[in-house]
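Welcome! Here is a short tour for anyone meeting this structure for the first time.

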Amino acid sequence: MNARTNEVGVPLLHTTPGFATDADGNCPIREVLDRVGDTWSILVILNLQPASMRFNALRRAIEGISQRMLTVTLRSLERDGLVSRTVRPTTPPEVEYALTELGQSLAVPIAALGTWAAGNRDNLRSARAAFDAVA
């Protein structure tokens, strides 16, 4: 499927493969956003990208995350193949988490979104202020 563009050359998202529905009516972007679209998953990915981390170090690095939410998030990311879990046979056992190759590949699209956010944050804030002023 070739993506079409609008009058200024920006891809029409509904024409890109990421938005094409499968036989079950699901699209790839929905599945990915369901997994990484929450605050905690992105922060786990961000913190694991440079190097693997143990659970408690990761919990300390992510302000505001509870032990339970970190456990749930790590299990979901592991289930989707984005994070690996390594248990070392020590007493007590050491558990370390790392991004898989698939998890590392998310850096490119997340960085692109971050670049867009940094470049447009002031525009978003101005638009909000203008909207709120008339609302």
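The report below visits the core, the pockets and two local details.

## About the model

Please keep in mind that this is a predicted model.

## The nonpolar core

A good place to begin is the inside. The largest nonpolar core has 18 residues, and those touching the most other members are Val44, Leu48, Leu58, Leu70, Leu74, Val83 and Tyr97. Four elements give two or more residues each to this core: the helices α2 (39-48), α3 (55-61) and α4 (67-79), together with the strand β3 (94-99). As a general pattern, nonpolar side chains in soluble globular proteins tend to be buried together.

Tyr97 deserves a second look. Leaving aside residues up to four places away in sequence, Tyr97 touches Leu48, Ser52, Met53, Phe55, Leu74, Val83, Ser84 and Arg85. Among these contacts, Leu48, Leu74 and Val83 also appear in the list of core residues that touch the most other members.

## The largest pocket

Next come the pockets. The volume of the largest one is about 420 Å³. Its lining is made of 14 residues, and Ile29, Val32, Leu33, Pro109 and Leu113 are the ones nearest the centre.

Two helices, α1 (28-36) and α6 (107-134), each contribute at least two residues to the lining of this pocket. Sorted by class, the lining holds 12 nonpolar residues and 2 polar ones, with no charged residue.

## The second largest pocket

The second largest pocket encloses about 180 Å³ of space. Around this pocket you will find Glu31, Val32, Arg35, Val36, Asp80, Leu82, Leu102, Ser105 and Leu106. Helix α1 gives the most to this lining, with 4 residues.

Here the lining includes charged residues: there are 3 of them, along with 5 nonpolar and 1 polar. Val32 is worth finding on the display, since Val32 lines the second largest pocket and is also one of the residues nearest the centre of the largest pocket.

## Two local details

Thr16 sits in the segment before α1. Is this residue buried or exposed? Thr16 counts as buried because its relative accessibility is 14%, and the cut-off for buried is under 20%. A polar atom of the Thr16 side chain lies 2.7 Å from the backbone oxygen of Leu13.

The other detail is in the loop between β2 (83-88) and β3, where Pro92 is placed. The peptide bond joining Thr91 and Pro92 is cis, with omega at about -10°.

Definitions and conventions. Residues numbered from 1 in each chain as written. Predicted model: local features only at pLDDT ≥ 70, side-chain atom pairs only at ≥ 80, totals over all residues. Heavy atoms only, no water. Buried < 20%, exposed > 50% of the residue type's maximum accessible area, 1.4 Å probe, protein only. Polar contact = N/O pair within 3.5 Å; in protein donor to acceptor, adjacent residues only side chain to side chain. Core = buried A, V, L, I, M, F, W, Y, C linked by side-chain atoms within 4.5 Å. Contact = heavy atoms within 4.5 Å. 1 Å grid on protein atoms, 1.4 Å probe; cavity = no way out; pocket = protein on both sides within 12 Å on 5 of 7 lines; lining within 4 Å. Points joined across faces, edges and corners; volume = space filled by probe spheres on them. Nonpolar A, V, L, I, M, F, W, Y, C, P; charged D, E, K, R; others polar.
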